[in-house]
Amino acid sequence: MFSLKKVAEESIPTIQALAEKTWSIAYASILPPAQMSYMLEMFYSTNALIKQMQQGHQFIFVADEEKAHGFASYSTKDLMIRKEVAIHKPANHYRLHKLYISPDQQGKGLGQLAMNFIVADIKANGGTEIELNVNRSNKAIEFYSKYGFQILRHEDNDIGNGYFMNDYVMQLSLK
Ligand SMILES: CC(C)(COP(=O)(O)OP(=O)(O)OC[C@H]1O[C@@H](n2cnc3c(N)ncnc32)[C@H](O)[C@@H]1OP(=O)(O)O)[C@@H](O)C(=O)NCCC(=O)NCCS
């Protein structure tokens, strides 16, 4: 029996272990190993995760009675935009930052379960749309499309060290 729960700083080691496990497979044919390590450090170091939580990113686990099999995080969109730009972004616009299901549990409906929980939580807080970035070579695009997300645009984001994130920005309207 799987359940969804909101988690905080005490769950950071589990988030890091799940991220390493899912990334090493999901991005094996997409990112060079050095870029994968760079990005894991950038987005999943203990300091980075604490900062995200302090900035209001909500983390959740998909878990059974024994352990977590996946995690996700989301927040209002203005939290991750520079202040001068955020003025134009209403607080009812959300971003899904992370969604990862353990490789041995993928394709069993857990991603959909997590999305349903996230959408319900965001709607309950007055959210009207969810945006996300997904690598243009990631099979997860089909999962998001099936859920109702639409591709808004391409984005090539410079993340330093000569690396880029070659993404689609996708959006789901909750209205
Ligand atoms: C993408 C991911 C979150 C989807 O979660 P999941 O538990 O595997 O997906 P579900 O079993 O809930 O699938 C829901 C629906 O999407 C479809 N789907 C899921 N992954 C798919 C894929 N790669 N290609 C096509 N369809 C897919 C399923 O067939 C299912 O359709 P159905 O309801 O008609 O049967 C998960 O596979 C994952 O973590 N992948 C690796 C990490 C990743 O890329 N995360 C996204 C980062 S942006």
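# Exercises on a predicted model

Asn161 is exposed, with a relative accessible area of 58%. The structure is a predicted model, and the exercises below work through parts of it.

## Exercise 1: Asn161

Task: State where Asn161 lies and what is notable about its phi angle.

Solution. Step 1: Asn161 belongs to the loop between β6 and β7. Step 2: its relative accessible area is 58%, and exposed means over 50%, so Asn161 counts as exposed. Step 3: the phi angle of Asn161 is near 60°, which is a positive value in a residue other than glycine.

## Exercise 2: Two residues compared with the cut-offs

Task: Decide whether Gln105 is buried or exposed, and find which residues it contacts beyond its sequence neighbours.

Solution. Step 1: Gln105 sits in the loop between β4 (93-101) and α5 (110-124). Step 2: buried means under 20% relative accessible area. Gln105 has 12%, so it is buried. Step 3: with neighbours within four places in sequence left aside, Gln105 is in contact with Phe2, His69 and Leu110.

Task: Do the same for Lys21, and state what it touches.

Solution. Step 1: Lys21 is part of helix α1. Step 2: a relative accessible area of 37% falls between the cut-offs of 20% and 50%, so Lys21 is partly exposed. Step 3: not counting residues up to four places away in sequence, Lys21 touches Ser102, Pro103 and Asp104. Step 4: Lys21 and Asn166 are 145 residues apart in sequence, and their C-alpha atoms are 22 Å apart in space.

## Exercise 3: Aromatic pairs

Task: Classify the ring pair of Tyr27 and Tyr100 and explain what it ties together.

Solution. Step 1: a pair of aromatic rings is described by the distance of the centres and the angle of the planes. Step 2: the structure holds nine aromatic pairs. In the pair of Tyr27 and Tyr100, the ring centres are 6.4 Å apart and the planes stand at 65°, so the pair is edge-to-face. Step 3: Tyr27 lies in the loop between α1 (12-26) and α2 (33-44), while Tyr100 is in strand β4, so the pair ties together parts that are 73 residues apart in sequence. Step 4: Tyr27 is buried, with a relative accessible area of 9%, and Tyr100 is buried as well, at 13%.

Task: Classify the pair of Tyr44 and Phe71 in the same way.

Solution. Step 1: the ring centres of Tyr44 and Phe71 are 6.0 Å apart and the planes are at 80°, so this pair is edge-to-face. Step 2: the pair links distant parts of the chain, with Tyr44 in helix α2 and Phe71 in strand β3 (residues 68-76), 27 residues apart. Step 3: both Tyr44 and Phe71 are buried. Step 4: ring pairs join Trp23, Tyr27, Tyr44, Phe71 and Tyr100 into a cluster. Step 5: Lys98 lies over the face of Tyr44, 4.3 Å from the ring centre.

## Exercise 4: Helix α2

Task: Check the length of α2 and find where its buried residues point.

Solution. Step 1: at 1.5 Å a residue, the twelve residues of α2 should span 16 Å, and the end C-alpha atoms are 16 Å apart, which agrees. Step 2: the buried residues of α2 are Gln35, Met36, Met39, Leu40 and Tyr44. Step 3: these residues cover an arc of only 135° around the axis, which puts them on the same side of α2. Step 4: an α-helix has 3.6 residues a turn, so residues three or four places apart point the same way. Step 5: the cover over the buried residues of α2 includes α1, α3 (46-54), β3, β4, β6 (150-160) and β7.

## Exercise 5: The nonpolar cores

Task: Describe the largest nonpolar core and the elements that build it.

Solution. Step 1: the largest nonpolar core has 24 residues, and those with the most contacts inside it are Leu96, Ile130, Tyr144, Phe149 and Met170. Step 2: two or more residues each come from β2 (58-63), β3, β4, α5, β5 (129-135), α6 (140-147) and β7 (163-173). Step 3: α5 gives the most to this core, with six residues. Step 4: leaving aside neighbours within four places in sequence, Tyr144 is in contact with Leu96, Leu99, Leu132, Val134, Phe149 and Met170. Step 5: apart from this core lies another, of 23 residues, among them Ala19, Met36, Met53 and Ala68.

Definitions and conventions:
Residues are numbered from 1 along each chain as its sequence is written. This is a predicted model: local features need pLDDT of at least 70, side-chain atom pairs count only at pLDDT 80 or more; totals for chains, interfaces and linings use all residues. Side-chain values use heavy atoms; hydrogens and water are left out. Helices (H or I, at least four residues) and strands (E, at least two) are DSSP runs, numbered from the N terminus. Buried means under 20% relative accessible area, exposed over 50%, partly exposed in between (1.4 Å probe, protein chains only). Contact means heavy atoms within 4.5 Å. Rings of Phe, Tyr and Trp (its six-membered ring) pair if their centres lie within 6.5 Å; planes under 30 degrees apart count as stacked, over 60 as edge-to-face and the rest as tilted. A charge sits over a ring if NZ of Lys or CZ of Arg is within 6 Å of the ring centre and within 35 degrees of the ring normal. A nonpolar core is a set of buried Ala, Val, Leu, Ile, Met, Phe, Trp, Tyr and Cys residues joined through side-chain atoms within 4.5 Å. The expected span of a helix is 1.5 Å times one less than its number of residues. The arc is that of the directions from the helix axis to the C-beta atoms.
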